[in-house]
Amino acid sequence: QYLADDAGVRYRQIRDDGDTDTVRVCYHPLAPTEYYENVEDGTHKVRLAYCTEGTWKSVVVDRTTIATRQNITALAQYGIDVTSETARYVVQYLADIEAQNPHPRIPRRRSIGRMGWIGNDFAPYLADVKYDGQDGYRSLYDSIAPAGDYEAWMACIREARKRDGHFRIQLAASFAAPVLGRLKALPFFCHLWGGAGAGKTVCLMACASVWGDPDAGRYMRTLNGTGAGTEAMAAFLCNLPLCLNELQSSRDRRDMDAVIYMLCEGQGKARSMRGGGLRDAGRWCTTILTNGEQPITTEVSGAGAILRTINLECDGAMFANPRALADALRMNYGHAGRDFVGRLRGISTDDLRARYAACADEIRAAGGTEDKQVYSAAYLLLADRLATEWIFQ
């Protein structure tokens, strides 16, 4: 009963007298192309494809958006032709198309909206699972993938680990993120600071390259963003490290204590929805890797902020040839993270917790460290040992 072509979608309605009326549904092509079921919470979404001004586009929306006349008008913000007058026709059209095109005509897929542990699986390393989250994180999601040659990456990183302890510690913080998630530990900061030319940005690139594309604006981001934006990014990464470059790019240096407290709480602020109730606050359990020309905490910082941070002062060049290393990292990345998580899935939680307790006991025996920093440092030591055993051998 539908006519769908380049001119749009029309509905052929049969009147009581037997004649046919043609009702305009929308003025451009519109069709559902994929349906998603989230593996974590079971919610459903749909990808709608549409063509305006000769260009095909698509958008993923909740099934509730296309289920009622009141909600479907929200599609107008994406350029889809739907108004309060045509809403009921568009709702009925999409429902009819779904009913008449079961899987596999219109595929049904498992999906995810965040990274990290989902049971004993780890996103994005799940088989046959697609991303159904916000398009704003599409580039970040796409950056978490392997590229280039694993051995070439390994050769660069092995040499750098042998050369500089500061780099080895921050690299361990990158590997520690999924370990924290597995043991449900509190997040903490690992901050590298020092003068220009030390190689701080290249160090952070190397830490990001464990998981994906280390270029700025891909996996590695900056501190020059809103608190809500940083919080949302932490919730998206969940059990992958949050790599934030250049402390001095933060718009208000005095607010860093608030950022530390916010990210180390491991959950976002409660916010109300327009229709009542609360939005999902978002949760994460990860490490936050930062760098800058100054320590991230100061003499006037709160004790809680200081204890949630490991400051590493770098007083010299960390790498023999930082430019060559950066070029190599841009071409080779993303293999070690998949490898590390695969090995981590094979170890029991009790065994992992016992190894962590042994690391904490070693550090505590050395003395002179507050308990919270012992806990954080123990995760770095554990992650370094696991990476040595499983990755760098």
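Which residue in β14 is the bridge partner of Trp-193? In this predicted model, that partner is Gly-292. Trp-193 belongs to one of the two faces of strand β11, and the briefing below covers this strand together with the contact of helices α5 and α12.

**Strand β11: burial**
- Strand β11 spans residues 188-194 and is mostly covered, with 7 of its 7 residues buried.
- One side of β11 carries Phe-188, Cys-190, Leu-192 and Gly-194, all of them buried.
- The other side carries Phe-189, His-191 and Trp-193, which are buried as well, and both faces of β11 are thus covered.

**Strand β11: pairing**
- With strand β14 (residues 287-292), β11 pairs in the parallel sense through 6 bridges.
- Strand β15 (residues 309-314) also runs parallel to β11, and 6 bridges join the two.
- In the pairing with β15, Gly-194 stands opposite Cys-314.

**Helices α5 and α12**
- Two packed helices are described by the angle between their axes and the distance between the axes.
- For helix α5 (residues 165-183) and helix α12 (residues 349-366), the axes come within 10 Å and cross at roughly 115°.
- The crossing in which α5 passes α12 is left-handed.
- On the α5 side, the contact is made by Val-179, Arg-182 and Leu-183.
- On the α12 side, these residues meet Thr-349, Leu-352, Arg-353 and Tyr-356.
- By class, the residues of this contact comprise 4 nonpolar, 1 polar and 2 charged.

How values were computed. Residues numbered from 1 in each chain as written. Predicted model: local features only at pLDDT ≥ 70, side-chain atom pairs only at ≥ 80, totals over all residues. Heavy atoms only, no water. Axes fitted to C-alpha atoms, helices over the stretch in contact; angles between N-to-C directions. Helix = DSSP H or I, 4+ residues; strand = E, 2+ residues; numbered from the N terminus. Left-handed = near helix turned anticlockwise from the far one by under 90°. Contact = heavy atoms within 4.5 Å. Nonpolar A, V, L, I, M, F, W, Y, C, P; charged D, E, K, R; others polar. Buried < 20%, exposed > 50% of the residue type's maximum accessible area, 1.4 Å probe, protein only. Pairing = 2+ DSSP bridges.
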